[in-house]
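Please look over the sequence and the model below before reading on. The paragraphs that follow go through it part by part.

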Amino acid sequence: MVLGGRLFYIVADSLQQRQLVRVPLSPPRGMDDILPDEFPLHRRLVETVRLLFRLYGYREVETPTVEYYELFAAKSGEEILSHMYVFKDAHGRQLALRPEMTAPIARLVTGKLSKSPHPIRLGYVADCYRLDEPQWGRRRRFYHGGFEIFGSKEPAADAECLVIFNDFLARAGVKDYFFKVGHVGVQRAVMTSAGIKEEDQDRVLALLDKGRVEEAESLVRQHAGNSEAVQLFSELAAHPPGPGFKTLEEVRERLGQLEPAARELENLRRIIELVSQNIEPSRLKYYPGFARGLSYYTGFIFEAYGSGADIALGGGGRYDGLVSLFGGEDIPGVGFAIGLTRVMQYIMDKEGAELGPDTPLAYIAPLAEEVIGHAFKAASEFRRAGIPTELEPSVYSASESIRRAERRGARFVVMIGRREAEKGTVTVRDLVERVQEEWRADEIYGQAKALLEKVGVGV
Ligand code: AMP
């Protein structure tokens with residue numbers, strides 16, 4: 001029974017009693033079903049990510065959706081911790097739905113994969129959960145497609161991340177996009193020079209990430225041992241973003257004699273130099289005041305934006321201390337996650353990507369009860385040839401079968417009546433060109449192959 005279009009009553013059969021239970025017909029708030037019309041686009045994005053795993057040498061892994069809460073509590077940052085789904089299991093253990101995948105991947109590198117030769121490149125496609133306030137592009141369940149490299153401190157590893165993301169966006173068909181790049185190593189070096197402890201630095205960077213610049217500055221002022229560093233921190237935070245190399249020069253000048261910060265900046269320059277062969281310079285903007293919410297970042301950071309929405313399509317950066325935090329060796333890491341759900345919403349709503357379900361290419365229609373066996377056989381031959389094929393389990397007239405095939409979006413309807421069964425043939429009608437042929441049963445495979453070549457689609 002449908003109530004108000006959304007609520008549904010079902011009769012639940014328990015051992016003791018039958019009772020009426022009210023079940024909402026929609027998933028929990030902020031979570032989405034992926035429906036047949038949407039799935040091909042979702043799958044195309046996921047397949048693009050998987051193609052890039054192969055092309056760039058990342059080995060795909062999967063970890064459970066549920067992890068111990070402590071895995072994330074260690075270093076995911078206040079912002080994420082306060083938005084986590086946390087619950088206890090029957091034994092009182094505290095568990096969480098994963099809000100991101102870098103910590104689970106670092107868990108693997110610390111444990112089961114600790115003997116793998118370096119660098120270790122790992123990839124994943126995973127649904128993540130955050131109790132964010134649902135809105136456009138911000139969901140409580142969303143997909144991350146991610147790439148992580150462990151065991152290299154070299155800027156070429158950071159640069160590879162940007163190049164892969166650029167490759168993804170180009171293949172996904174995002175037209176107008178750019179990368180916001182930054183380097184928390186520079187801000188951290190400035191804060192270290194002022195004697196600010198790492199945990200306080202994390203808090204400052206988290207505030208910067210949320211755009212709460214004044215609060216970040218006042219925290220720096222509160223913990224800093226010298227006013228020069230406070231001034232420098234504020235100048236970096238306020239420095240206008242701009243094209244990569246030009247802005248690097250401006251910041252370099254400002255850093256003056258502060259060697260540790262200048263070294264971090266040099267690292268950023270090298271990364272930008274390395275990617276400039278693959279990524280148009282106009283797509284790279286350096287934001288000296290940029291920080292990211294996860295507190296494990298130690299160096300280069302970046303996010304991708306489409307020009308149609310002021311919301312990141314993905315991001316990542318360098319996190320050199322993460323593995324040692326879990327008790328492993330001191331293995332450096334850099335990586336990023338593409339927000340696949342957000343990218344999908346972006347290309348649908350801002351770039352007009354078309355939706356539509358997977359459709360069969362052939363629709364097999366038995367026209368009499370006694371030919372169903374023949375229809376089964378014919379369907380197998382079509383599939384053997386690689387043609388997506390739907391078999392109609394009921395019997396309809398020829399005209400009704402054609403109507404049904406059209407409604408399914410099929411290109412060919414394959415009709416088998418008593419006459420065809422006796423002659424050992426099938427009738428194949430092309431619903432686009434409106435022509436019809438009769439094939440012998442033993443030539444179905446060959447003919448179907450030829451059809452596939454002609455229409456140029458298949459699986
Ligand atoms: P983060 O782990 O926060 O760096 O997230 C990486 C990317 O995942 C972001 O840039 C977004 O594209 C995507 N993302 C993060 N949170 C959400 C969310 N609540 N809903 C949809 N996408 C998200």
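**Around the ligand**

The backbone of glycine 314 supplies an N or O atom that lies 3.2 Å from an oxygen atom of the ligand. The protein buries 92% of the 480 Å² that the ligand exposes when taken alone. Two elements each give two or more residues to the shell around the ligand: strand 9 (141–150) and strand 14 (314–318). The model is a predicted one, and the distances and areas here are computed from it.

Which other contacts does the ligand make through its nitrogen and oxygen atoms? A nitrogen atom of the ligand is 2.8 Å from a backbone N or O atom of arginine 139. In histidine 144 the side chain takes part instead: one of its N or O atoms is 2.7 Å from an oxygen atom of the ligand.

Arg139 and His144 also belong to the group that comes nearest to the ligand, together with Arg130, Asp132 and Arg292. The whole surrounding set has 14 residues. By type, the shell around the ligand consists of six charged, five polar and three nonpolar residues.

**Two domains**

Now step back to the whole chain. The domain assignment divides the protein chain into domain 1, residues 39–349, and domain 2, residues 362–455. The centres of domain 1 and domain 2, taken over C-alpha atoms, are 52 Å apart.

**A sheet of three strands**

One open sheet is built from three strands in the order 5-7-6, and the pairing is antiparallel. Strand 5 (66–68) and strand 6 (86–88) are the edge strands, and each of them pairs on one side only. From one strand to the next, the twist averages 40 degrees.

How many bridges join strand 6 to strand 7? There are three, and strand 7 covers residues 94–97 and runs antiparallel to strand 6. To find a place where the strands face each other, look at phenylalanine 87, which stands opposite leucine 95 in strand 7.

**A sheet of five strands**

Another open sheet has five strands in the order 17-16-18-19-20, and its pairing is mixed. Strand 17 (389–391) and strand 20 (435–440) stand at its edges with a single partner strand each, so one side of each has no neighbour in the sheet. Neighbouring strands of this sheet are turned against each other by 25 degrees on average, with direction ignored.

Within this sheet, strand 16 (residues 362–366) pairs with strand 18 (residues 412–416) in the parallel sense, over five bridges. One residue pair to look for is tyrosine 363 and its bridge partner in strand 18, valine 413.

**Two backbone details**

Two places in loops are worth a look. Where is proline 119 found? Proline 119 sits in the loop between helix 4 (102–110) and strand 8 (120–129). The peptide bond that leads from histidine 118 to proline 119 is cis, with omega near -5 degrees.

The other place is arginine 434, in the loop between strand 19 (425–430) and strand 20. Arginine 434 is not a glycine, yet its phi is positive, at about 55 degrees.

Methods. Residues numbered from 1 in each chain as written. Predicted model: local features only at pLDDT ≥ 70, side-chain atom pairs only at ≥ 80, totals over all residues. Heavy atoms only, no water. Pairing = 2+ DSSP bridges. Helix = DSSP H or I, 4+ residues; strand = E, 2+ residues; numbered from the N terminus. Axes fitted to C-alpha atoms, helices over the stretch in contact; angles between N-to-C directions. Near = heavy atom within 4 Å. Polar contact = N/O pair within 3.5 Å; in protein donor to acceptor, adjacent residues only side chain to side chain. Areas by Shrake-Rupley, 256 points an atom, 1.4 Å probe, with all protein chains shown as cover. Nonpolar A, V, L, I, M, F, W, Y, C, P; charged D, E, K, R; others polar. Domains from an automatic or database assignment.
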